[in-house]
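Work through the exercises below with the sequence and the model side by side. Try each task before reading its solution.

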Amino acid sequence: MIALTLNYHYMQLPREVIVGNGTLERVPEVARRLGLKGKALVIAGSKSYDLAGRKICSLLEESELEVDVLQIKAMSIKDMITIEERIEKSKPQVLFGVGGGAIIDAAKISSGSQNIPFISVPTTVSHDGIASPLASIKGSEKPYSILAQAPLAIIADTEIIAQAPWRFVISGCGDVISKLTAVKDWKLAYQEVNEYYGGYAASLALMSAKLVIENAELFVYRRDEGLRVLLEALISCGVAMSIAGSSRPCSGSEHLFSHALEMQNSHHGMHGEQCGVGSIMIAYLYKANWQTIRNTLKQMGAPITANELGVKDVDVVKALELAGKIRPERYTILHKLNLNFEACEKTARATGIIN
Ligand SMILES: [Zn+2]
């Protein structure tokens with residue numbers, strides 16, 4: 001765990017980032033450059049094991065590493081304990097997390113608590129957890145992310161990622177675009193409650209959002225270059241969080257809205273989809289250009305209404321009201337405005353999220 005109360009600023013950054021077609025083949029050279037020896041533990045879901053995990057295991061064995069595999073079905077607190085116990089017993093030198101957001105998060109938390117490095121091998125691009133030092137566990141008392149550790153390396157193979165449903169890609173775009181309002185909240189917290197604000201980390205998150213918006217057409221036509229743009233944006237967001245030492249540059253009230261939706265509903269949209277919708281409403285509250293966020297998401301085919309998210313109108317309103325209450329220490333515009341149900345309803349209606 002990283003101590004943030006000290007009088008110096010600590011940044012933990014990935015050492016190697018490899019993005020592109022067929023990058024999985026580069027596992028042996030990454031292992032060599034990083035000087036990996038002894039045992040590696042590979043954790044994956046059943047799908048991600050078939051997609052990439054099996055191949056990584058054989059590549060590592062070819063590199064003369066001893067390989068231990070743990071396949072995880074769901075990703076709960078129980079699974080987390082299973083991984084930590086396996087690390088304690090098997091004593092690997094490094095942990096490979098192969099899969100979507102939940103697997104990567106589990107790898108991050110368990111490796112961090114057991115003091116071994118982890119390597120992130122994402123098989124989807126639905127959110128920015130692939131490179132960040134933060135992670136969340138489903139079913140824990142905290143619905144939002146906690147500080148764990150940054151990956152030692154990220155190996156993102158677009159050939160594998162392209163096999164995931166396109167909806168994951170669009171969700172990733174929503175997560176990146178939502179940084180437009182996350183950064184506004186961070187700045188507000190700096191101005192009004194004197195919170196630490198890092199201009200460099202904020203700029204990096206903003207630039208990622210702008211690049212995805214500028215390249216929206218690549219996502220409309222489902223072009224492979226889009227995957228590359230998105231991956232680089234998600235990794236830059238992860239690095240922004242590493243530089244800030246918190247999720248601040250990438251997670252504001254639009255993320256609180258997404259967490260609130262999940263807290264009150266078992267049926268909901270994907271993380272990035274919800275953050276995108278949240279970002280439209282938060283930009284409106286800032287009297288900023290919410291239309292650009294809405295229009296870009298719409299153009300990409302991302303949800304922009306409660307109905308498209310698969311939730312009831314009233315749930316969007318309730319979630320917006322609840323969002324300002326779930327994390328009092330994270331000051332945002334929702335904490336400043338302290339909106340009641342009627343004001344939340346007005347916001348959702350004015351932005352076309354509900355009708
Ligand atoms: Zn996010």
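**Exercise 1.** How many residues does helix 3 have, and how far does helix 3 reach from its first C-alpha to its last?

*Solution.* The model is a predicted one, in which local features need pLDDT of at least 70 and side-chain atom pairs count only at pLDDT 80 or more, while totals for chains, interfaces and linings use all residues. Residues are numbered from 1 along each chain as its sequence is written, and side-chain values use heavy atoms, with hydrogens and water left out.

Helix 3 (helices are DSSP runs of H or I with at least four residues, strands are runs of E with at least two, both numbered from the N terminus) covers residues 77-90 and has 14 residues. Its span is 20 Å, close to the 20 Å expected at 1.5 Å a residue, where the expected span is 1.5 Å times one less than the number of residues.

**Exercise 2.** Find which residues of helix 3 are buried, and what they pack against.

*Solution.* Begin with the buried residues (under 20% relative accessible area, with exposed meaning over 50% and partly exposed in between, for a 1.4 Å probe and protein chains only), which in helix 3 are D79, M80, I83, I87 and S90. They cover an arc of only 115° around the axis (taken from the directions from the helix axis to the C-beta atoms), so they lie on the same side of helix 3. K78 and K89, on the other side of helix 3, are exposed. The buried residues pack against strand 2 (39-44), strand 3 (66-71), strand 4 (94-99) and helix 4 (101-113), contact being heavy atoms within 4.5 Å. After helix 3 comes K91, which has a positive phi near 45°.

**Exercise 3.** Is D175 buried or exposed, and which residues is D175 in contact with, leaving aside its neighbours within four places in sequence?

*Solution.* First locate D175 in helix 6 (residues 166-177). Its relative accessible area is 0%, so D175 is buried. With neighbours within four places in sequence left aside, the contacts of D175 are S126, H127, D128, H255, H271, G272 and C275.

**Exercise 4.** Which helix gives the most to the lining of the largest pocket?

*Solution.* Pockets are open sets of points on a 1 Å grid over the protein atoms alone, with protein on both sides within 12 Å along at least five of seven lines, and lining residues have an atom within 4 Å of a point. The largest pocket is lined by 49 residues, and G100, G101, A102, S126 and H127 lie nearest its centre. Helix 4 gives the most to this lining, with 5 residues.

Methods: On a 1 Å grid over the protein atoms alone, a cavity is a set of points where a 1.4 Å probe fits but cannot get out, and a pocket is an open set with protein on both sides within 12 Å along at least five of seven lines; lining residues have an atom within 4 Å of a point.
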